[in-house]
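Work through the following exercises with the sequence and the model side by side. Each task is followed by a solution that proceeds step by step.

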Amino acid sequence: MPEPYDVITMGRIGVDLYPLDIGVPLARVETFGKFLGGSPTNVAVAAARLGRRTAVITRTGRDAFGDYLHQELQGFGVDDRWVTEVEEYPTPVTFCEIFPPDDFPLYFYRQPKAPDLEIHPPELDLNAVREARIFWMTGTGLSAEPSRAATLAALQARSESARTESPAPEFRTATVFDLDWRPMFWDGGDHSSVAPARYREALAHATVAVGNIDECEIATGEREPHSAARALLAAGVELAVVKQGPKGVLAVHRDGSTADVPPLPVEVVNGLGAGDAFGGALCHGLLAGWDIARIMRYANAAGAIVASRIACSSAMPFPDEVERALAEGAVTEDIAAGPSGAAS
């Protein structure tokens, strides 16, 4: 029997075209960098950078950008066997503007429909999903069919297997729901009438929920961090992680343990991708069996390092970089510059 994956993620993939001109409106940008993108895909990259065996379940267009994404996944050491092509739709492209420290508008081009929303339940390798030590899915995957049905099928396979097989803790660590609220992907946008119910349905199968205040509000109706965490626990998860931006992160476990960890000081270049680095590091810490305070400190440091760099996927840190940032108590200029000595 093949060795189970440490982390399998499922959901968005695309090409990020990020300006190499910082503080310039998109209409005036002249040079862009091209990068692998998509939040769950970046989480798989982040975990792979930290030494974990990862794979992603998603779909691309049958085009040159799809070829590029396969090339990048293979280069990052992420298994792409479940990244398949959709004939009808082009590979998505995302642009951003970079106005540090806290303004990074995103422009998604996912029309008429993104291929990653065309994941069908029969196409899933449910045995691999069941056996993965961590399975990571996102709110965007619930926004449209057939992706919603496929995401729920994967979640149900995880929870049914956990009930019937009682695997050893080291075999299956977590089913993570990244709340990932992107209103532009939902009918009704910010006023979507179906999103909260779909979030609650998925939460019933998850063991870990991760989200910022806005995302927690969609999932639970609560904005106060402790109230949101309690509501997530009540919805069925064992660990609730509430990201609070400049106030740090709150983690509350069903066993009563709590960690309220401040952010690591950093000069922000591009905040996009920091949450994905946080996610990959969260998976790494869960797999290592660390206590939640240590996991949150480590994940905060990983996220801060990516925030100090322009890119997302290629900016994901290696373990020595995270350890250096924790030892320094901040993301210093040399850490931000990366192993090559130039900003990623």
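Helices (H or I, at least four residues) and strands (E, at least two) are DSSP runs, numbered from the N terminus. This is a predicted model, in which local features need pLDDT of at least 70 and side-chain atom pairs count only at pLDDT 80 or more, while totals for chains, interfaces and linings use all residues. Residues are numbered from 1 along each chain as its sequence is written, and side-chain values use heavy atoms, with hydrogens and water left out.

**Exercise 1. Overall form**

Task: Establish how many helices and strands the protein has, and compare its radius of gyration with the globule rule.

Solution: Begin with the secondary structure, which consists of 11 helices and 14 strands. The radius of gyration, taken over C-alpha atoms, is next set against the globule rule, which is 2.2 Å times the number of residues to the power 0.38. For 344 residues the rule gives 20 Å and the model has 19 Å, so the protein is as compact as a globular protein of that length. Along the principal axes, the C-alpha atoms fill a box of roughly 55 × 50 × 45 Å. Finally, consider contacts, meaning heavy atoms within 4.5 Å: of those between residues at least 6 apart in sequence, 68% join residues at least 24 apart.

**Exercise 2. Burial and helix α1**

Task: Determine what share of the residues is buried, and how many residues of helix α1 are buried.

Solution: The classes come first: buried means under 20% relative accessible area, exposed over 50%, and partly exposed in between (1.4 Å probe, protein chains only). By this criterion, 59% of the 344 residues are buried. In helix α1 (residues 39-49), 11 of the 11 residues are buried, so the helix is largely enclosed by the rest of the structure. The buried residues of α1 include Asn42 and Arg49. Just after α1, Gly51 takes a positive phi of about 95°.

**Exercise 3. Backbone exceptions**

Task: Identify where the peptide bond is cis before Pro101 and before Pro112, and decide whether Asp180 is buried or exposed.

Solution: As background, most residues other than glycine have a negative phi, and most peptide bonds are trans. The bond from Pro100 to Pro101 is cis, with omega near 10°, and Pro101 sits in the loop between β7 and β8. A cis bond also runs from Gln111 to Pro112, with omega near 0°; Pro112 belongs to the loop between β8 and α3 (126-131). Asp180, a residue other than glycine, has a positive phi near 40°, and its place is the loop between β10 (174-178) and α5 (195-203). With a relative accessible area of 3%, Asp180 is buried.

**Exercise 4. Aromatic pairs**

Task: Count the aromatic pairs and describe the geometry between Phe95 and Tyr109.

Solution: Rings of Phe, Tyr and Trp (its six-membered ring) pair if their centres lie within 6.5 Å; planes under 30 degrees apart count as stacked, over 60 as edge-to-face and the rest as tilted. The count comes to 10 aromatic pairs. Phe95 and Tyr109 form an edge-to-face pair, 5.7 Å centre to centre with 80° between the planes. Phe95 is in strand β7 (residues 93-96) and Tyr109 in strand β8 (residues 106-109), 14 residues apart. Tyr109 has 46% relative accessibility and counts as partly exposed. Elsewhere, ring pairs link Phe177, Trp181, Trp186 and Tyr199 into a cluster.

**Exercise 5. Individual environments**

Task: For Thr58 and Met137, say which residues each touches; then decide whether Gly221 is buried or exposed.

Solution: Thr58, in strand β4 (residues 54-61), is buried with a relative accessible area of 1%. Not counting residues up to four places away in sequence, Thr58 touches Gly11, Arg12, Ile13, Trp82, Val83, Thr84, Asp116 and Ile119. Met137 lies in strand β9 (residues 134-138) and is buried, with a relative accessible area of 0%. Under the same exclusion of residues up to four places away, Met137 touches Met10, Leu142, Thr151, Leu155, Val176, Phe177, Asp178 and Ala202. Gly221, by contrast, is in the loop between α6 (213-220) and α7 (225-234) and counts as exposed at 54% relative accessibility. Its C-alpha atom is 8.5 Å from that of Ala231, 10 residues apart in sequence.
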